[in-house]
Amino acid sequence: MEVIIQPASEAASVKAAQIIGDLVRRKPQAVLGLATGSTPVGLYRELIRMHREEGLDFSRVTTFNLDEYVGISPEHPASYHRFMKENLFDHVNIPAANIHIPDGNTPDVPEFCDRYEAQIRAAGGIDIQVLGIGHDGHIGFNEATSSLASRTRIKTLTKATLSANQRFFSESEIVPHHVITMGVGTIMESRTCLMIAFGKGKALAVAAMAEGPVTAMCPASVLQLHRQTILIVDPPAASLLTRTEYYQHVYANKPDFQKVSAFPISSATIS
Ligand code: GLP
């Protein structure tokens with residue numbers, strides 16, 4: 001795992017956007033896995049800026065989102081459909097037909113989940129999966145004790161996640177208890193996992209994910225078994241890591257060929 005500690009969350013978001021921009025320039029038909037939550041907002045803002053000011057072209061890009069609540073409409077202000085529209089899709093040129101977000105209103109959840117997996121495979125797999133992290137180390141909506149081999153499926157949220165996400169709903173509304181989420185195994189098949197985490201509140205989860213034991217109690221820790229995970233954090237989120245000096249030393253002394261791009265040419269350059 002590559003751990004990159006940036007001076008602040010803004011710089012971390014820009015770094016993450018550069019990694020995605022670099023992929024899209026080298027592989028215009030890139031397949032991006034996208035996340036919601038407050039953490040990736042700055043990353044999406046930077047991608048929009050790169051699109052507007054630098055002509056970053058998303059016209060051949062395909063996207064797959066990690067998750068969605070079951071039973072709320074795509075227009076609901078807290079739905080992940082709406083979040084993605086407002087924070088990215090309305091502002092860049094990804095064709096609507098190339099955008100995939102789990103359908104929380106599907107009449108047949110298992111069939112939908114199988115189809116979602118098949119669509120990811122048919123697109124050639126995910127090149128970069130953007131990830132945030134829950135306070136307890138969950139990724140997507142894969143709560144603690146999720147199978148580390150799980151595929152896209154329905155999950156029931158924990159009380160902690162329900163209360164963490166209440167802020168996106170009005171006071172009188174109940175956060176849906178069920179969600180559809182890519183599985184941990186689905187996420188692990190992405191060629192690169194790009195996790196971003198900011199703030200003191202994420203410090204414990206970040207330390208457990210990067211330096212703790214691999215355990216289903218912290219689903220993100222399975223990324224230690226992934227061959228290309230990049231973790232970009234701000235100093236508060238990095239504050240409980242024990243190998244900070246080493247991570248900074250590695251980053252400051254990267255060989256030139258590693259500075260150019262985060263990606264092995266073989267997986268990123270396709271004609
Ligand atoms: C939810 C999402 C995750 C996200 C997490 C943290 O559980 N399903 O994808 O990483 O919240 O969100 P935030 O970035 O707002 O802290």
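These are my notes on the ligand site and the cysteines of a predicted model.

**Ligand surroundings**

I began with the residues around the ligand and found 13 of them. S38, T39, D67, H138 and K202 come nearest. I then sorted the shell by residue class: seven are polar, three are charged and three are nonpolar.

**Polar contacts to the ligand**

Which side chain puts an N or O atom 2.7 Å from an oxygen atom of the ligand? I noted S38 for this contact. H138 also has a polar side-chain atom 2.7 Å from a ligand oxygen. For I133 I looked at the backbone, where a polar atom lies 3.3 Å from an oxygen atom of the ligand.

I next checked how much of the ligand is covered. The ligand taken alone exposes 390 Å², and the protein buries 95% of that area.

**Cysteines**

I searched for disulfides, and the count came to zero. I then went through individual cysteines. For C113, the nearest cysteine sulfur belongs to C193 and is 19 Å away. The cut-off for a disulfide is 2.5 Å between the sulfur atoms, so C113 is in no disulfide.

C193 is in no disulfide either. The nearest cysteine sulfur to C193 is that of C218, at 14 Å.

Are C113 and C193 buried or exposed? C113 has a relative accessible area of 3% and is therefore buried. C193 counts as buried because its relative accessibility is 0%. The cut-off I applied to both is under 20% relative accessible area.

Technical notes
Residues numbered from 1 in each chain as written. Predicted model: local features only at pLDDT ≥ 70, side-chain atom pairs only at ≥ 80, totals over all residues. Heavy atoms only, no water. Buried < 20%, exposed > 50% of the residue type's maximum accessible area, 1.4 Å probe, protein only. Near = heavy atom within 4 Å. Polar contact = N/O pair within 3.5 Å; in protein donor to acceptor, adjacent residues only side chain to side chain. Areas by Shrake-Rupley, 256 points an atom, 1.4 Å probe, with all protein chains shown as cover. Nonpolar A, V, L, I, M, F, W, Y, C, P; charged D, E, K, R; others polar.
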